[in-house]
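Let's take a walk through this structure together, starting at its surface and moving on to its charged pairs. Please keep the picture open while you read.

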Amino acid sequence: DALLGCHRFYRSRPTHGIGKFKYLLPKEVPKRRKEKVQMKEIDAGTEYQYGDVNIQMTSYDLCLVEHFAQYVHRLCNRLSIQVNESYAMPTKTNEVLFLEERGSKMQLDAVLTTHQRVVQIRGLSSTFAPILLEIIQSNQPEGVHLLVKQHTEADFKSRLKSRPELEELLAQMS
Amino acid sequence: LCFFSSCSSWLPQRVALRGSSHWQNSLLELRTSLPVRAQPKKKKKVDVKKEQAQKDRMKKKIKKLEKAAPELIPIEDFVTPLKYSESSRVRSLPALSPEESERRVLLLKKWCLFKQKQDEAEKKAIKALVESQQEALKELRLESEELYQAAIRRDEGLFPFERDGPSYTPPLPGYDPPEGKCIDITKVYTQ
């Protein structure tokens, strides 16, 4: 009776693996959790090396600034400079109005969009920095404004959405 | 005794003033007008409790808001407007003759060669710059050690570095631009 009531399936028996079905179903990709936006540590750099440096390119022309940012990124890859991130800053839209010659009414001239791309590099040596700046300057296209500066927390915070309720409450608390 | 007599002497003159002010319930002196003892203490206790409760509520709200992670502002560049993905916007290009396509391919090859030469020249220039810099630093080290150390250090005045791109045409002399203004209409995103 004990032998008949046994439910174990041996590997040699034909009933081995009976009841399994998960191998028949399509494979499920594990759901990726949304990564929290956290500020990475800012490298200050040593005496002979610059820390995190932001190369910011601003222009009214989108394609031009995109291509220039790609060029700078590839240049840094070629010169084996570590690139932390390469991201875009939010676009700013400006309405340009001008005063008509005869009349006091402001007339709409154009709607301009300003685009900005940032390439963040780390570990730029002090001797190579002027050479890199020289190369980027000589390849700078028309209408693209270049700004190279150290990375700060304020730069990172400017990419995040503002939270007016939280700020209000914090102001009330203190 | 003399104090009371002096009080009674200036009381009639001061009474009129006291009666006109609405802060004063009676025409008598300040210390006899309002019951000073019991009420303010009660007020203090209730105030303290209320304030504490308010502060706790605010702290809870702040904690709840801080739990949510900060979000990045979405970039409008990477979102194609819907009007560009309409099916009616399809171009029909004319067919190319074989001579034309041949000409185009040969032109492309010439352009590739030109760009390759340009790129190689740039790489050579960079290499030459770096080599000459290293040689100069070597010579400087042989000259004096402390000058070499000072040269190796990083330049604090280098960043921030700003430069406007070159322009197609120089600015027109004596150009009088019309008056106007710029309004920033960027969409503000809040969390």
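On the surface of this predicted model, a patch of negative charge brings together Glu131(B), Glu135(B), Glu139(B) and Glu143(B). One of them, Glu139(B), belongs to helix 3 of chain B, which covers residues 98–143. With a relative accessible area of 49%, Glu139(B) is partly exposed; because exposed means over 50%, Glu139(B) does not count as exposed.

Chain B also carries charge of the opposite sign: Lys55(B), Lys59(B), Lys63(B) and Lys67(B) make up a positive surface patch. Look for Lys67(B) in helix 2 of chain B, residues 38–67. Lys67(B) has a relative accessible area of 70% and is therefore exposed.

Stepping back, you can see how chain B is put together. It contains 4 helices and 2 strands, and their order along the sequence is α-α-α-α-β-β. Of its 191 residues, 9% count as buried.

Now for the charged pairs. Side chains of opposite charge can pair when their charged atoms come close. Over all chains, the structure holds 13 salt bridges. One of these pairs crosses between chains: Arg78(A) in helix 1 of chain A reaches Asp119(B) in helix 3 of chain B, with 3.9 Å from N to O. Both partners are partly exposed, Arg78(A) at 36% relative accessible area and Asp119(B) at 30%.

Within chain A, Asp155(A) and Lys149(A) form a salt bridge whose closest N and O atoms are 2.6 Å apart. Are these two residues buried or exposed? Asp155(A) has a relative accessible area of 13%, so it is buried, and Lys149(A), at 18%, counts as buried too.

Back in helix 3 of chain B, Arg104(B) pairs with Glu100(B) in a salt bridge, with 3.1 Å between the closest N and O atoms. The two are separated by about one helical turn, because they sit 4 residues apart in that helix. Arg104(B) is partly exposed at 44% relative accessibility, and so is Glu100(B) at 24%. Elsewhere, a network of salt bridges links Glu66(A), Arg117(A) and Asp77(B).

Finally, turn to chain A as a whole. Its average pLDDT is 87, and 95% of the residues score at least 70. Among its elements, helix 1 (residues 62–78) has the highest mean pLDDT, 94, while helix 4 (residues 164–173) has the lowest, 84. Thr15(A) lies in the segment before strand 1 of chain A, and its C-alpha atom is separated by 66 Å from that of His151(A), 136 residues apart along the chain.

Terms used:
Residues numbered from 1 in each chain as written. Chains lettered and ligands numbered in written order. Predicted model: local features only at pLDDT ≥ 70, side-chain atom pairs only at ≥ 80, totals over all residues. Heavy atoms only, no water. Patch = residues over 30% accessible without salt bridge, like charges linked within 9 Å, V, L, I, M, F, W, Y side chains within 5 Å. Areas by Shrake-Rupley, 256 points an atom, 1.4 Å probe, with all protein chains shown as cover. Salt bridge = Lys/Arg side-chain N within 4 Å of Asp/Glu carboxyl O. Lys, Arg positive; Asp, Glu negative; His and termini not counted. Charge placed at Lys NZ, Arg CZ, Asp CG, Glu CD. Buried < 20%, exposed > 50% of the residue type's maximum accessible area, 1.4 Å probe, protein only. pLDDT = per-residue confidence, 0-100.
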